[in-house]
Amino acid sequence: MTKTKITSNSRRRSGNVGLMIPMYVFTILFVALPILYLFLLSFLQRAQVWGVDFTFTLDNYKRILEPLYLDTFWQSLKLAFTATFFVALIGYPYGYFMAKMNAVWKRRMLLLIMIPFWTSALIRLFRSNGVLDKILMGLHLTDRPLKLLYTYPAVVVGMIYSLLPFMILAVYSSAEKLDASLVEASRDLGASAWKAFWTVSFRLTLPGLLSGVVLSF
């Protein structure tokens with residue numbers, strides 16, 4: 001009997017390893033190797049016409065402290081913090097309450113999550129003489145088309161628009177596993193609805209929120 005259990009356990013382990021092999025292969029080919037390739041490129045010089053010149057140099061790292069690149073890093077960090085803040089602000093309640101809905105409404109809410117992947121719709125919204133321009137001119141708030149597509153607010157909206165699904169799904173997967181009896185117990189012990197949420201629900205769904213923050217940032 002013991003030998004049978006050991007054999008079945010070893011088969012399960014080997015089966016699990018076999019299922020993980022494609023993930024490891026994918027990670028090595030499309031994550032690790034590209035990062036290694038970029039790291040090696042950072043020590044090479046740019047060729048005069050095309051490609052790189054295979055000559056070792058540290059000049060690429062010396063130029064990081066130039067004002068142009070420092071400003072680029074700052075703008076990137078500012079965009080990352082701003083977009084992540086609003087993604088968390090919108091995505092957390094969406095994912096949390098979606099986990100509380102019945103199966104029919106869950107499917108409907110999941111369908112809405114797919115909308116941000118329709119990137120062309122966002123471009124049509126912000127382009128010159130697009131949907132937003134027509135609405136503003138129709139309301140007589142503006143008298144001519146605005147140049148919104150390449151502005152900083154448009155970039156922030158675009159980032160929020162495209163990153164929301166990752167936050168929502170991360171929070172949803174965490175909130176769906178939440179044990180409702182723990183919340184009920186805290187209410188029975190005298191906690192208010194807000195205190196029960198903050199001390200129980202939020203803390204138990206915090207890993208999902210942090211996962212969404214990491215993916216968004």
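Against which helices do the buried residues of α9 pack? In this predicted model, the buried residues of α9 pack against α3 (67–100), α7 (152–176) and α8 (180–188). The residues of α9 that are buried comprise Ala196, Val200, Ser201, Phe202, Thr205, Gly208, Leu209, Gly212 and Ser216.

The geometry of helix α9 itself departs from that of a straight rod. Helix α9 covers residues 193–216, and whereas a straight helix of 24 residues would span 34 Å at 1.5 Å a residue, the end C-alpha atoms of α9 are separated by only 29 Å. A bend of about 45° is located at Leu206, and a proline, Pro207, follows within four residues.

One of the buried residues of α9, Leu209, also belongs to the largest nonpolar core, which has 22 residues and in which Val87, Tyr92, Tyr96, Met98, Ile160, Met167 and Leu209 touch the most other members. At least two residues of this core are supplied by each of α3, α4 (103–113), α7 and α9, and the greatest contribution, nine residues, comes from α7.

Contacts of individual residues add detail to this picture. Ile160, one of the core members that touch the most others, is in contact with Ala83, Phe86, Val87 and Ile90 when residues up to four places away in sequence are not counted. Ile90, which is found in helix α3, touches Leu164 as well as Ile160 under the same exclusion of residues up to four places away in sequence. The C-alpha atoms of Ile90 and Met167 are separated by 8.9 Å, although the two residues lie 77 residues apart along the chain. Ile90 is nevertheless classed as partly exposed, because its relative accessible area is 40%, a value that falls between the limits of 20% for buried and 50% for exposed residues.

Outside the helices, strand β1 (residues 44–46) and strand β2 (residues 52–56) run antiparallel and are joined by three bridges, with Asp53 in β2 serving as the bridge partner of Gln45. Five residues lie between the strands of this hairpin, in which Gly51 adopts a positive phi near 80°.

Thr57 is located in the loop between β2 and α2 (59–62). Because its relative accessibility is 7%, Thr57 counts as buried, the cut-off being under 20% relative accessible area. Leaving aside neighbours within four places in sequence, Thr57 is in contact with Ser42, Phe43, Leu44 and Gln45; of these, Gln45 is the residue whose bridge partner in β2 is Asp53.

Note on methods
Residues are numbered from 1 along each chain as its sequence is written. This is a predicted model: local features need pLDDT of at least 70, side-chain atom pairs count only at pLDDT 80 or more; totals for chains, interfaces and linings use all residues. Side-chain values use heavy atoms; hydrogens and water are left out. Two strands pair if DSSP finds at least two bridges between them. The expected span of a helix is 1.5 Å times one less than its number of residues. The bend at a residue is the angle between axes fitted to the seven residues ending there and the seven starting there. Buried means under 20% relative accessible area, exposed over 50%, partly exposed in between (1.4 Å probe, protein chains only). Contact means heavy atoms within 4.5 Å. A nonpolar core is a set of buried Ala, Val, Leu, Ile, Met, Phe, Trp, Tyr and Cys residues joined through side-chain atoms within 4.5 Å.
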